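Trainee: Please take a close look at the places where a charged side chain meets an aromatic ring, and then set them in the context of the chain.

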Amino acid sequence: SCDATQLCNCSSMGLDFIPSGLTSKITTLNLAHNRIKHIRSQDLQQTVNLRVLLLQSNEISSIDEDSFRSLGKLELLDLSNNSLAHLSPAWFGHLFSLQHLRLQGNSYRDLGESSPFSSLRNLSSLHLGNRWFSTIRQGNFEGIELLDKLWIEGGNLSQYEPGSLKSIKTINHTIINIRSVKVFSAIVRDLLHSVIWLEVRQTAFSIPAEVQLLRVMLSSFAKKISFKKALLTDATVPEIISILEDMPKLVEVEIIDCRLLGTGQWKIQIQANQSQTLRVLTVEKLSIEEFYLFTDLKDVEGLLSLLTEVTVVNTKVFLVPCSLSKHLLSLEYLDLSANLLGDQSLEHSACQDGWPSLQTLNLSQNSLSDLEMTGKSLSHLRKLILLDISQNNFGEMPDVCAWPKNLKYLNLSSTQIPKLTTCIPPTLEVLDVSANKLKEFGLQLPFLKELYLTKNQLKTLPGAAPIPNLVALSIRRNKLNSFSQEEFESFKKMELLDASDNNFICSCEFLSFIHHQ
């Protein structure tokens, strides 16, 4: 089962034990998804050059104390999803090179009386916890000073001794999957100055009195906070916003796959000063059951003027209130893809004086159907350079359109367009009209550098003269079957030409050129 690089794949083979005869040549050993129950001291004695050992998803319930003593070069050990009821510091005592340790999904209730990790001086990522994991004690993390990633699966964590995580001086990314806001607050208190990115999963922030416990975060030096699969309510959102706005170093907030119970009718006024550091807000797949009753968000308008990057995708957005758009004074990047914006609502959302600094706008996968109206609604955005309106249903294209005057990149792929017209702005440097119903391309675009025509019905190449600066052309999956010598010569200058998946009948010279490109 071993390849030339000494990677031995013995996963899913129905093994009941670690095979004998393993040698010092092996560098990666994959024994995942078997039925191994016990690791014996002699099993891995010879594998002194092992770098990666994958033992996840077995039935391991016992490991001899010195089973891993020969593995001084091991960098990754995965023991996740087994049946280990306790962890022994002796297992890890000789793993001086270990960087990644995965212990989640076993049945241990705690980490023991001392630290199982005190010998792991090079540890970079640690993933632990399970549904029975209930207690973290002081001293459990002694010996670890710096981690890139710490992931604690603590759904039922009920006891946390204050100071337990304080020994770790820096953690780039901490993921805490926890139900108890009280325990979460105690953990955060120990991570105030060590964590750069704090990610909270599956916590319900539904009781205002409990959310008060999060005020400890006002002293946190975290630069990024993520809420994933969390529950938020109208009663708790104002307090959470107030806390985030007052965090001294916070740059980025993410809300992903969360539920909001309510309609934005917040019970108390938001008592917050605008953050001077917060620049990036991402909301993905936020479930608001009564989204059609949601308010105009007037309460947060005064907190938006310094944001530079906003993403709100797959969240049933059907309108951005004009007054809110006008408050987004510094916004350079806006992604509203996979929402419900229509032609009329876009006109209102992108109103005069709205989004004055915007350079990149993604409106793909919405309900836009009038290309002329879309261009006109956005034409006052003088700084807009990149516009993605792919996967809307435009169909026929008018002859004349108004566009932002500095637009350089336009994505119109998958928009049901049968024919291109002079509606396309002449300022473009990149145009993507892939996956439409185009039979020809004859536009004059003097500045165009990249053209994407994949998945159309073209039978001939675009003329080279009207697009003199073209350096990249993708014309895969069309109906091309021949090139003239003149066409061939004109495209020789290009840096990239992808014309595969067509039915060519042409010269050997051309075929070698296509292959070379």
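Mentor: The charged end of Lys249 is placed over the ring of Phe221, with 4.4 Å to the ring centre. The criterion requires NZ of Lys or CZ of Arg to be within 6 Å of the ring centre and within 35 degrees of the ring normal. Lys224 lies likewise over the face of Trp197, at 3.7 Å from the ring centre. The model is a predicted one, in which local features need pLDDT of at least 70 and side-chain atom pairs count only at pLDDT 80 or more, whereas totals for chains, interfaces and linings use all residues. Residues are numbered from 1 along each chain as its sequence is written, and side-chain values use heavy atoms, with hydrogens and water left out.

Lys224 also leads to helix H4, since strand E15 (224–228) is among the elements that cover the buried residues of H4. Helices (H or I, at least four residues) and strands (E, at least two) are DSSP runs, numbered from the N terminus. Helix H4 spans residues 237–246, and 9 of its 10 residues are buried. Here buried means under 20% relative accessible area, exposed over 50%, and partly exposed in between (1.4 Å probe, protein chains only). The buried set includes the acidic residues Glu239 and Glu245 as well as Ile240, Ile241 and Leu244. The cover over H4 further includes helix H3 (208–211) and strands E14 (204–205), E16 (231–233), E17 (252–256) and E18 (259–261).

Aromatic rings also meet one another. Rings of Phe, Tyr and Trp (its six-membered ring) pair if their centres lie within 6.5 Å; planes under 30 degrees apart count as stacked, over 60 as edge-to-face and the rest as tilted. The count by this rule is 6 aromatic pairs. Trp91 and Phe92 are edge-to-face because their ring centres are 6.0 Å apart and their planes stand at 80°. Both of these residues are buried, and ring pairs join them with Phe117 and Phe141 in a cluster.

Trp91 is also touched by Asp64, whose other contacts include His38, Ile39, Arg40 and Ser41, once residues up to four places away in sequence are set aside. Contact here means heavy atoms within 4.5 Å. Asp64 belongs to the loop between strand E5 (62–63) and strand E6 (76–78), and with a relative accessible area of 24% it is partly exposed. Its C-alpha atom is separated by 59 Å from that of Lys455, 391 residues apart along the chain.

Ser125, in strand E8 (residues 125–129), counts as buried because its relative accessibility is 17%. Outside the four places on either side in sequence, Ser125 is in contact with Gln99, His100, Leu101, Leu147 and Lys149.

For the chain overall, 9 helices and 29 strands are assigned. The C-alpha atoms fill a box of roughly 75 × 70 × 35 Å along the principal axes, and buried residues account for 50% of the 517 residues. Among contacts between residues at least 6 apart in sequence, 56% join residues at least 24 apart.
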